[in-house]
Amino acid sequence: MKIIDVSERTEFLINALLEIWEKSVRATHLFLPESEILNIKDKFLPDALKNISQLVVAQEDGMPVAFMGIEGQKLEMLFVSPEKRGKGIGKKLIEYGIKNFSINELTVNEQNPQAKGFYEHLGFKAYKRSEIDEQGNPYPILYMRLNE
């Protein structure tokens, strides 16, 4: 596996990341209705991927298998292809982000207990909860900080 800080965000790369995102969300975000998944994928995610300050991609055999987006010291997104989950790729990305970008905070959907447990295992601790997500939708969010 190779971790790359992406500088050139080609259409090919964005499309590959959209595919990873959709597969990952369908495997982990069971609370999201189909219309919401498609809305996020079509209307919000392409711009987010193009404009996030730091885009980091994990590759195997030259192809993306996972990615994360970082803004300041906050992890804004982390998605791993479902077939690659449980193999340490997410952990390696987080460790890379902590070392290289000083990641110390993130948000996670409360309705995604696997992700919450993953972040807790890596040393993050919830310090705040919101009934709505950052877009105002009725999906409770946990705000987490790295417990150093």
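# A side-chain tour: cores, charges and rings

Start by selecting Phe79, which counts as buried at 12% relative accessibility; here buried means under 20% relative accessible area, exposed over 50%, and partly exposed in between (1.4 Å probe, protein chains only). Before moving on, note that this is a predicted model, where local features need pLDDT of at least 70 and side-chain atom pairs count only at pLDDT 80 or more, while totals for chains, interfaces and linings use all residues. Residues are numbered from 1 along each chain as its sequence is written, and side-chain values use heavy atoms, with hydrogens and water left out.

**Stop 1: rings around Phe79**

Add Phe67, buried at 0% relative accessibility. What kind of aromatic pair do Phe67 and Phe79 form? The pair is tilted, with 5.7 Å centre to centre and 35 degrees between the planes. Rings of Phe, Tyr and Trp (its six-membered ring) pair if their centres lie within 6.5 Å; planes under 30 degrees apart count as stacked, over 60 as edge-to-face and the rest as tilted. Because Phe67 lies in strand E3 and Phe79 in strand E4, the pair ties together parts that are 12 residues apart in sequence. Helices (H or I, at least four residues) and strands (E, at least two) are DSSP runs, numbered from the N terminus. Now add Trp21, which forms one aromatic cluster with Phe67 and Phe79.

The whole structure holds 7 aromatic pairs. For another of them, select Phe31 and Tyr139: this pair is also tilted, at 5.5 Å centre to centre and 55 degrees between the planes. Phe31 sits in the loop between H1 and helix H2 (34–51), and Tyr139 in the loop between E6 and E7, 108 residues apart. Tyr139 is buried, at 11% relative accessibility.

**Stop 2: the cores**

Next, show Met68, Leu75, Leu93, Tyr119 and Phe124, which touch the most other members of the largest nonpolar core, a set of 23 residues. Such a core is a set of buried Ala, Val, Leu, Ile, Met, Phe, Trp, Tyr and Cys residues joined through side-chain atoms within 4.5 Å. Among the elements giving two or more residues to this core are strand E2 (54–60), helix H3 (89–101) and helix H4 (113–121). Centre the view on Met68: leaving aside residues up to four places away in sequence, its contacts (heavy atoms within 4.5 Å) include Leu75, Leu93, Tyr96 and Ile103. A second, separate core has 20 residues, including Val6, Ile37, Leu45 and Phe79.

**Stop 3: charged pairs**

How many salt bridges are there? The count is 9, with a salt bridge defined as a side-chain nitrogen of Lys or Arg within 4 Å of a carboxyl oxygen of Asp or Glu.

- Glu19 and Lys23: the closest N and O atoms are 3.4 Å apart. Both residues lie in helix H1 (residues 11–28), about one turn apart.
- Glu134 and Lys74: the closest N and O atoms are 3.0 Å apart. The two are 60 residues apart in the chain. Glu134 is partly exposed at 41%, whereas Lys74 is buried at 15%.
- Glu131 and Arg129: the closest N and O atoms are 2.4 Å apart. Glu131 is exposed at 53%, and Arg129 partly exposed at 40%.

Then select Glu22, Arg26, Glu34 and Lys41, joined into one network by salt bridges that share partners.

**Last stop: charges over rings**

Finish with Lys128, over the face of Tyr143 at 4.5 Å from the ring centre, and Arg145, over the face of Tyr127 at 3.6 Å from the ring centre. The rule asks for NZ of Lys or CZ of Arg within 6 Å of the ring centre and within 35 degrees of the ring normal.
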